Amino acid sequence: MATTAVDTTKPRAQEVKPPRRPPRRGISDTLRAYFLNAPAMIVIGVLVAYPIGYSFWLSLHKYNLKLPALERFVWFGNYLSLVTDPEFLTSLKVTVGFVVVVLGLTVLMGTALALVLNETFVGRGLLRSLVLLPWAMPGVVNGLMWRTIFDAKTGPLNGLLYQLGFIDSYQAFLTSPTGAFLITAVAQVWNTLPFTVIILLAGLSTIPGELYDAAKVDRAGVFQRFRQVTLPWLLHPLLIVLILETMNAFRAFDTIYVLTGGGPGDATNVIAVLNVRTVLTYTDFGLGSAYSWVITLVTLVISIGYISVLYKKGSIEI
Amino acid sequence: MAEVRLENVRKEFGGVVAVDDLSLTIADREFLTLVGPSGCGKSTTLRMICGLERTSGGEVFFDDQPVAHLPANKRDVAMVFQSYALYPHKTVAQNIGFALRMMRVPKAEIASRVDQVAASLGIENLLERKPKALSGGQRQRVALGRAVIRDAGAYLLDEPLSNLDAQLRVTMRAELKRLHADLRRTFIYVTHDQVEAMTMSDRIAVMKDGLVQQCASPEEIYARPANLFVASFMGSPPMNFLHGEVQREDGKLLFRHQGIAIELPDHASAAVDDLSGREAVLGIRPEDVLLGVENGTAAKIFVAELLGADVLVTVSLGEQLVKARVPAPYQVGVNAQVTVEFPAEKVHLFDPSDGRAVLAARSATPLNRQDSVVANQSPAAAKGDTG
Amino acid sequence: MAEVRLENVRKEFGGVVAVDDLSLTIADREFLTLVGPSGCGKSTTLRMICGLERTSGGEVFFDDQPVAHLPANKRDVAMVFQSYALYPHKTVAQNIGFALRMMRVPKAEIASRVDQVAASLGIENLLERKPKALSGGQRQRVALGRAVIRDAGAYLLDEPLSNLDAQLRVTMRAELKRLHADLRRTFIYVTHDQVEAMTMSDRIAVMKDGLVQQCASPEEIYARPANLFVASFMGSPPMNFLHGEVQREDGKLLFRHQGIAIELPDHASAAVDDLSGREAVLGIRPEDVLLGVENGTAAKIFVAELLGADVLVTVSLGEQLVKARVPAPYQVGVNAQVTVEFPAEKVHLFDPSDGRAVLAARSATPLNRQDSVVANQSPAAAKGDTG
Amino acid sequence: MTSIPASRPALPLMSRIPWRKIILYTVAILFALWLVLPFYWIVNMSFMHEVDATSVPPHFLPKDPTLANFLGFIHPTTDQALLGSHAVADTPYALMNSMIVALTTALFNLVLGTFAAYSFSRIQFKGSQVLLIVYLLTRMVPGIAIIIPFYLVMRALHLLDTYGALILSYTTFALPITIWILKDYIRSVPRELEDAARVDRCGWFRMMWSVFLPISAPGLVAAAIFAFMTAWNEFMFALFMTSTISSQTMPVIAANFATDLNTQVTLMAAAGVVAVVPPLVLVLICQRLIVQGMAAGSVKG
Amino acid sequence: ACGGGGGNGGSGAVKFSGWDYESALVQQNVARFQQLNKDIKVAYTPITSAQYVQKTVAEFTGGGGPDALYVYDDSLAGWVGADYLQPIDGLAGVDEVYSGIYPSNAQAMTVGGKRYGLPYYTDSQCLIYNESILKKAGISAPPKSLDELEQQSLKIKNAGILQYPIGVTGQLQDTWWAWVWGLIFASGGDLFDANGEPTMDGKDATAKNVFAWLHKAATVSKVIDPAVLQLLPVPLDNAMKTERYAFTVGARYALRDYNDPTKSKAAGKLKIAYVPSLDGQVVGTVSNTRMYCLGKNTEVKDKALKLLNYMGGLDSSGKPYTSKFWFQQKGLGFPFRALEKDPDVLQTLGKFADPTIYAKLASLARPRTAIKQPWYSEYENQQQKTVQQIINNQTTPDAAVKTLAQSVASLKKKYS
Ligand SMILES: Nc1ncnc2c1ncn2[C@@H]1O[C@H](COP(=O)(O)OP(=O)(O)OP(=O)(O)O)[C@@H](O)[C@H]1O
Ligand SMILES: Nc1ncnc2c1ncn2[C@@H]1O[C@H](COP(=O)(O)OP(=O)(O)OP(=O)(O)O)[C@@H](O)[C@H]1O
Ligand SMILES: [Mg+2]
Ligand SMILES: [Mg+2]
């Protein structure tokens with residue numbers, strides 16, 4: 001139809017046009033985006049770029065403060081030595097178990113709790129605030145609290161179970177390797193659950209209510225509504241939760257350190273405890289940095305794994 | 001499902017009464033249209049039928065069973081939401097096929113039915129898009145598709161065609177009528193398009209302020225509006241209204257308005273008794289007003305507008321403007337004198353105190369079933385409706 | 001602002017061409033209506049004018065100045081979004097007054113203007129509600145109010161009345177026309193309602209698949225559609241089309257269709273030369289078809305539908321169905337024999353290869369300016385349009 | 001219109017039982033117990049006399065409740081004053097420091113995070129994915145690896161033992177996650193609203209302030225709480241970057257309690273309680289902002 | 001409670017930091033020092049003891065670091081190696097101090113033949129027993145040998161007085177488990193020879209025998225509380241004060257608290273004894289030394305030295321003022337022999353421990369031989385884990401000593 005004279009274009013008012021500026025396009029999107037990112041990039045860049053680079057540099061060195069004379073560049077020697085380091089390997093095993101247990105519990109409980117808190121019921125406001133309680137507790141206090149609770153001599157848990165007749169004498173819960181492992185996991189879950197709940201709850205609050213209406217009309221039951229409406233909308237928050245909780249679980253230190261110090265034996269000697277000890281107690285900065293970078297890389301790989309798995313599930317773009 | 005019955009249903013939103021004591025029975029297989037001014041409670045009524053909104057009072061029955069305890073997903077109704085409510089994270093195909101998936105229909109069947117529905121809606125090439133990437137009308141069609149793909153007990157359609165162009169609307173109307181004929185299910189339809197209401201419905205329920213004003217067949221609504229509101233709401237251009245008094249004079253029944261006397265038919269006797277001594281409102285549709293007849297009342301042409309084959313002539317009768325619809329050509333200049341007549345058989349009388357119709361026209365001009373549900377059909381489909 | 005000009009504007013969404021090489025000049029103070037089938041790119045065009053969407057090609061000019069670099073908030077246009085886009089956290093009053101607040105209008109003035117606009121939209125008692133607590137039509141009015149409260153250089157209205165009832169729509173149309181008259185600004189209006197398009201616009205641009213098919217006055221569009229698409233899209237019921245051939249016979253210009261010969265007017269000579277030997281499409285509007293005349297072609301009544309004052313008669317002319325609109329009453333039984341005539345002056349000829357109109361009707365029936373922008377007015381306002 | 005039937009069929013029994021409510025409340029109560037019980041023990045202890053705190057069998061209610069532990073924070077007794085290098089007397093100041101640091105961190109995070117998050121959720125730009133991962137990467141390096149060089153940086157900036165050091169460290173910690181959190185919530189705000197605001201003549205900042213932020217309030221609250229809590233209970237950096245009560249935060253002081261050989265568990269419990277209360281109060285205030293379906297009714301389609 | 005300090009000592013103030021044990025008393029003492037030396041200002045920073053080492057390392061690594069500071073004996077060698085500290089040989093007052101203290105302390109403060117510290121306090125491990133519990137079980141004298149300890153414990157256990165009579169600190173920590181070293185040294189053995197070579201897996205069977213005893217006591221006769229694996233020093237103190245254990249191996253100064261009626265229900269009942277040995281002989285125990293040292297890069301060396309001398313040396317009258325102050329105030333063990341006979345000291349000591357045993361322990365005590373090794377802290381951690389495994393029956397004494405020897409071997413390799 002291009003031939004049709006659709007447009008009665010008027011003759012130009014003046015033949016001599018003013019020298020037309022080349023049409024200014026707004027600044028390019030990419031530029032604008034980086035402009036918006038600049039403050040964050042500057043703060044992060046200025047403050048942590050150097051430390052991060054430095055720590056990676058250190059991880060390529062043999063470097064123990066106590067023996068400055070031995071300092072030397074060893075390429076990936078520290079990393080290679082880890083492969084044969086029995087302590088590291090056991091610790092890796094413990095850590096993986098710990099991460100799996102903690103992550104599983106956190107995500108399941110967190111989702112359940114967020115869903116509950118998203119409903120209206122008497123006392124919701126209170127429960128919503130209570131959810132944050134564990135988070136507000138400094139890690140040291142948290143560790144001490146759990147110590148007190150599980151104390152073999154004076155712990156209220158022992159007292160309670162004893163009074164209720166579940167046990168016939170006080171138990172030293174933290175002294176068996178399994179017990180210690182599970183208890184640290186529980187304490188960690190208790191401590192990090194609020195983050196999951198808050199993020200998921202905020203995610204839930206963005207779901208347009210009318211989608212549930214539509215799904216109800218489309219005959220989706222409670223479970224299907226969760227799967228078809230809630231879950232897809234929660235993918236993004238879940239991704240954050242997964243990444244951050246994985247990171248947290250890999251770096252869980254405070255609570256474990258206070259509760260068991262990594263013991264008994266190697267039962268709770270997760271890599272983070274080992275890492276902190278190596279750096280701060282043994283002042284082995286080279287090896288310590290290598291540990292840190294192993295943690296970093298593992299969490300990075302796992303995170304990218306999450307991202308790509310969820311990405312494949314569709315409807316998610318980072 | 002079959003009959004849907006609302007009994008004294010009421011809905012308040014924290015003080016705002018959206019639906020106020022509404023009773024309505026929609027028979028099995030009926031096509032009922034809800035019309036009414038914006039904000040009168042149509043959508044709310046649908047939502048209550050559907051189970052998305054709890055009633056604040058009264059009861060909803062499906063086939064004589066109260067359904068208050070049934071959640072929406074157990075009620076077996078399909079609905080087109082006024083706001084579409086598409087799943088933004090699903091493609092068009094997934095949106096349309098969702099209900100079937102919930103009913104565990106096999107994948108292949110879903111796919112073929114989705115294709116079929118999409119084709120009938122003209123969105124077959126958008127199936128892989130997300131709603132975000134659709135135009136307004138395309139979204140509305142997806143919303144419609146999501147409902148019509150189902151085999152539900154009742155279909156609730158909340159202004160499902162409002163954002164479509166005229167042509168498409170005609171096609172869609174035909175599709176919906178066909179669906180209604182094929183499925184033989186209850187349809188409850190909300191629309192602002194009077195042509196749609198008139199041509200598609202078995203009955204129309206006219207609502208105002210959360211109350212049903214009249215629920216009857218389109219012809220009945222048009223010919224015998226139950227009250228002033230219905231009379232003024234249905235019909236375009238709307239009915240003329242004259243305020244005056246009724247009296248008996250010399251055995252004649254008369255309506256007097258500013259010195260003009262209009263004779264009323266004999267059967268108006270009871271109505272006149274009812275209203276005598278009080279103000280009365282006379283109503284007459286523009287197409288029933290006669291111009292230029294002998295013995296008519298003198299009036300002046302105020303304005304005349306060409307409506308294709310007709311002319312809409314507005315005459316001033318004293319202070320009052322009256323519209324008349326007469327066949328074109330009608331070549332009379334503005335301010336020209338003309339005579340007007342209101343045929344006795346065609347006037348309505350209303351009691352202004354409560355708006356109630358006390359006299360309906362005996363032979364109103366038949367309804368304007370203008371549109372084209374039929375007009376667009378193939379010869380075979382068109383047999384029923386011959387004028 | 002004054003003139004809005006689009007030059008070869010193009011918009012792609014990752015492969016999907018929404019607007020394809022669109023050129024259009026909207027004069028200062030003009031009321032231009034965009035019509036077209038769902039998904040043809042109307043909203044996208046508005047969004048590009050407004051600066052919400054970057055063009056993928058071409059350029060938008062305001063008063064001869066390219067505006068590509070101007071963000072939406074610097075363009076001084078007001079817009080009603082098809083999807084409303086109300087601020088959910090603000091009350092109706094805040095929604096409507098927001099733009100004024102952004103322009104630092106004093107509080108008291110905002111309040112009074114909001115009240116005034118709300119009153120004209122009939123939502124004065126909803127001012128303190130949040131959008132969530134409004135009905136669909138109420139939301140749409142808020143969206144409209146948000147645009148009309150402003151004093152902008154251009155107003156872009158994307159189906160602003162689609163969810164309103166007929167009465168309200170009439171009132172709102174009048175309001176918009178009054179606003180246009182008062183403000184004397186450019187209005188670009190999208191609607192699916194042909195009556196709206198016909199009665200309100202200075203010019204109508206008919207779009208299809210991202211291209212403007214014709215842009216002209218309503219009368220022109222109706223009487224001289226530039227191509228088959230425009231001819232079929234505008235008008236309800238749509239124009240009749242007959243496929244056949246043109247030839248000169250005995251100095252006469254004839255259109256032949258299945259043994260029927262239709263005489264063409266003399267000025268069709270050029271058109272006939274153009275099309276001869278090829279297929280041609282003859283178009284005629286239903287109101288131009290004459291029934292029961294002498295010398296007419298024999299046909300059979302297929303169906304007749306009463307449209308109030310008119311009857312829409314469908315006759316079968318051989319295999320072909322042709323619609324005719326004749327004044328009521330028209331009392332002929334189905335299958336009765338009838339004669340049909342297509343007055344030579346009123347036929348259109350189209351080239352089916354590209355749809356182009358090669359012959360426009362010389363004297364088409366004047367446009368169906370049916371509606372009531374005027375009809376509803378007070379005596380004073382109505383003077384302009386007398387028939 | 002219809003006559004009311006004489007007798008209404010009774011509802012089926014199963015549907016008269018409010019299953020949903022029962023399940024909801026059961027789960028809610030179970031979670032409440034899980035959240036509260038451990039903490040309850042601390043609260044319980046904080047009202048006890050030292051001797052009762054470790055008694056066998058335990059007292060599940062303070063035998064002889066006392067406020068002495070809490071009063072200690074205002075007027076420490078001589079005994080209390082000596083504990084954990086002034087920990088008792090320092091507690092109120094530490095709380096104030098924590099509050100200042102945490103609130104400022106939260107604020108910084110929201111401001112910087114919003115800018116960046118906006119770009120990720122609304123602009124398609126080259127390198128956005130890489131940048132996002134890089135942000136995350138900075139957070140994935142364990143704090144222990146960077147604490148020493150970080151200390152050097154702070155020293156170079158002359159920020160040691162000031163709020164600045166803490167605020168900056170916590171901002172860098174929380175920012176990547178904040179950006180990740182916020183980008184999703186910003187994305188969930190309908191784009192049309194941004195368009196509408198533009199047409200209503202809002203500049204970008206105004207649009208963010210008047211339209212975006214109120215609607216993404218739940219996300220902002222979540223991000224703010226996250227940043228706040230990160231700052232509130234971080235221990236290691238607080239310990240290393242500060243040395244006096246002019247900037248020491250509550251976790252450092254709480255650790256002082258814990259390591260003192262003369263420590264009193266009840267006093268420590270009381271410190272734990274006061275350390276937890278301020279954030280909870282803040283959240284109680286903020287939580288009305290976590291509203292369901294903020295954008296409801298705003299766009300059609 | 002605000003105050004400047006630490007980093008902002010300013011013009012010439014002596015930056016002095018220490019772990020936060022009784023920091024109020026330290027502050028008081030510092031104030032006194034400033035009274036006496038009006039020209040010197042001291043900026044005292046107490047640091048949480050659990051993180052003292054780490055934080056100090058950070059400060060030194062960051063190029064700052066205090067002028068004068070507390071140092072643990074087991075950090076000393078490392079810090080010297082890391083070049084944080086400077087020797088004080090030949091400086092005023094140092095020789096006098098070194099000649100007045102126990103040799104074990106002098107040895108602990110010397111690295112590579114150079115003296116680095118002036119003593120803060122010292123202490124040695126002893127057996128602490130609850131006399132009244134023993135009496136109740138019909139035992140009149142504390143055990144001399146480990147077997148005796150086990151027998152007595154069984155008696156107490158069988159009498160139903162306590163389920164587990166022996167308690168020690170058994171949770172992994174970054175500080176040492178003195179009692180393990182105490183048990184081995186008491187039996188005349190060691191884990192390392194004088195050159196820091198491991199002897200536990202061969203030459204010297206003491207460790208293995210002590211481990212065997214531990215294993216038996218924990219898993220066969222079950223007199224060691226399994227819950228010790230989650231026991232830290234403070235809870236252990238509380239347990240002793242509330243008479244939940246009859247025996248522990250601990251530092252002498254703990255008795256001061258244990259026998260303080262205002263702090264302990266068991267005041268007066270807890271007594272000091274020699275650490276039981278394998279054969280019942282009294283041949284040794286382990287000691288530790290806490291000291292004051294001088295930062296390497298101090299710019300106020302003279303002033304800092306004055307402070308050091310005030311804190312860890314002798315005053316103008318030749319008396320170790322601060323050392324005595326600590327003993328009198330808190331019972332911290334004094335490194336100065338002369339104080340053994342000081343009447344004030346004797347009087348105080350009488351309130352909580354037998355002066356004879358107290359003094360004898362001090363003279364018998366030896367520092368750990370391995371603390372000068374750079375890998376000592378790793379080793380200590382390994383040893384703690386191994387002992388935990390012995391106590392909860394995850395390993396055998398044989399395997400334990402092997403593990404320890406192996407870990408030393410690999411640590412040595414790592415540090416070469
Ligand atoms: N984000 C997008 N991505 C891909 N395609 C799009 C996108 N937005 C619009 N389109 C397509 O562009 C075309 C034009 O869309 P537009 O919204 O302008 O239509 P419209 O004329 O306003 O239609 P309607 O009358 O239905 O509102 C449609 O076919 C639509 O599917
Ligand atoms: N959540 C709510 N809170 C308060 N009032 C509400 C709420 N929802 C609807 N209303 C009011 O109830 C009335 C009926 O609303 P409803 O949506 O049923 O109208 P409707 O007939 O569908 O109108 P429309 O044709 O404009 O869609 C309206 O006046 C509306 O303002
Ligand atoms: Mg509605
Ligand atoms: Mg559109």
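**Notebook: ligand 1, the magnesium ion and chain D**

I looked up the shell around ligand 1 in this predicted model: α4 (136-148) of chain B, with β2 (16-26) and α1 of chain C, each supply at least two residues. Helices (H or I, at least four residues) and strands (E, at least two) are DSSP runs, numbered from the N terminus.

I noted that local features need pLDDT of at least 70 and side-chain atom pairs pLDDT 80 or more, while totals for chains, interfaces and linings use all residues. Residues are numbered from 1 along each chain as its sequence is written, chains are lettered from A and ligands numbered from 1 in the order written, and side-chain values use heavy atoms, without hydrogens and water.

I checked which residues come nearest to ligand 1: B:Arg129, B:Ser135, B:Gly137, C:Ser43 and C:Thr44, of 19 around it. A residue counts as near if one of its heavy atoms lies within 4 Å. Chains B and C both surround ligand 1, so the site is shared between chains.

I then looked for polar contacts (N or O pairs within 3.5 Å). Polar side-chain atoms of C:Ser38 and C:Gln82 each lie 2.8 Å from an oxygen atom of ligand 1.

I turned to the magnesium ion (ligand 4). C:Ser43 (OG) and C:Gln82 (OE1) coordinate it at 1.8 to 2.1 Å. Donors are N, O and S atoms within 2.8 Å of the metal (3.2 Å for Na, K and Ca); water is not among the atoms, so sites may look incomplete.

In chain D, I found residues 99-118 to be 100% helix and 0% strand, with end C-alpha atoms 28 Å apart.

Notes. A polar contact is a pair of N or O atoms within 3.5 Å; within protein, one must be able to donate a hydrogen and the other to accept it, and residues adjacent in sequence count only if both atoms are side-chain atoms.
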